[in-house]
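Good morning, colleagues. Please bring the model up on your screens, and I shall take you through a few of its local features.

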Amino acid sequence: MEMTVPFQLANNTPLSLSPDFILPEFKRPILSKVFPSDSIPIIDLNVHEIDEGQGSSPLVSKISQACEEYGFFQIINHGVPKELCQKVLAVVTEFFQLPHEERAQYLTKDHTKQVKVFNYYQKYEGLGKVIMWSETFSHPWHPIEDFTHLLPINPPQYREVFAEYAKEIGALMDRLLSLISQGLGLEKDCLKKKIGERASLYSQANYYPPCPDPELTLGIPAHNDIVALTVLLQSEGVTGLQVIKDEKWVPVDPLPHSFVVNLADQIQVLSNGRYKSVDHRAVTNKWLPRLSLAMFYAPNNEIVIGPIEDLIDEEHPPKYRNYSYKEFMEEFYRQEGKRRRVKEAFELQR
Ligand SMILES: O=C(O)CCC(=O)C(=O)O
Ligand SMILES: [Fe+2]
């Protein structure tokens, strides 16, 4: 029988089905109950938006509907070159395949560190800490010139490929924010302005080695993204992302040369709850390593977020109070290791 060598986490722990990695029974994914019955919308971006007033182009309506009903969609014909997507996936995969000692230089539990390798975990009462079946590498991506010197020198192409990718994603994010603003009936630049000129943009690469029994583990537990918007690139040929729709988990099969876009908490709050930041998770699989590369767009700490005034009226009273992103992040860190409910802490009582 073929023996596979377990993946060595950066902290020098072998990824194995030891008790540290096994979820309590009530938290396991029950993969046999996940059917590809429904999937998130697929939106073709290769259409010209007819500028005939706000929110009236078919593309804007499709995006708006996806944001209201799913909070998630896949985009195709998005304009980011295919070779570049393949290159960035390859170079980030290579990073995770470096000797663990080399990845260990980025290990930290310090939230203020900009470049970091870490492992997701959950704490369960009476059981302690369970580590997720993955490793994560995070760093800022804009303005990339300010951060390039902090990025890995190994693999040797990392800095160059990532810088090129970051530029493309920056342009795509701007277009998406404009379309989403129009979907809400707002000026094209409204969301971008609300999130702020000096936004906090950082990437999060998640590497999921094959797992001998995916029923016992999760790559990333159920969560919603706390930022404003996420653009996610995933390995082709292997599914891992699952999204909640009508209280059921729905797998998101990667389409060739596509991105997954999801609305995160700050847009849910800015839209006064009209657009949804939806729960999702990553499950593991037996056969292939999987990589996902999330590019996050978030406000910086000083920015005040709250429902946009134009979206509030008698029928739609504000659902959240205003807060600074710093306050939001403090609440996020307070809930470390738990199933987080961060924006709920800022809900207004009726
Ligand atoms: O691996 C995935 O597809 C999900 C990643 C994710 O949800 C995240 O990085 O926030
Ligand atoms: Fe996420």
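**A helix end, a metal site and two salt bridges**

Just after helix H5, Gly185 adopts a positive phi of about 80°; helices here are DSSP runs of H or I with at least four residues, strands runs of E with at least two, numbered from the N terminus. The model is predicted: local features need pLDDT of at least 70 and side-chain atom pairs 80 or more, while totals for chains, interfaces and linings use all residues. Residues are numbered from 1 along each chain as written, chains are lettered from A and ligands numbered from 1 in written order, and side-chain values use heavy atoms, without hydrogens or water.

I turn to the metal. The iron ion (ligand 2) has as protein donors His223 (NE2), Asp225 (OD) and His280 (NE2), at 2.1 to 2.2 Å. Donors are N, O and S atoms within 2.8 Å of the metal (3.2 Å for Na, K and Ca); water is not among the atoms, so sites may look incomplete. Asp225 lies in the loop between strands S8 and S9 and His280 in strand S13, so this pair ties together parts 55 residues apart in sequence. Asp225 is buried at 6% relative accessible area (buried is under 20%, exposed over 50%, partly exposed in between; 1.4 Å probe, protein chains only).

Finally, salt bridges, meaning a Lys or Arg side-chain nitrogen within 4 Å of an Asp or Glu carboxyl oxygen. Asp174 and Lys192 form one at 3.1 Å, N to O, linking helix H5 to helix H6. Asp265 and Lys343 form another at 3.1 Å, N to O; Asp265 is buried, at 0%, and Lys343 is buried at 4%.
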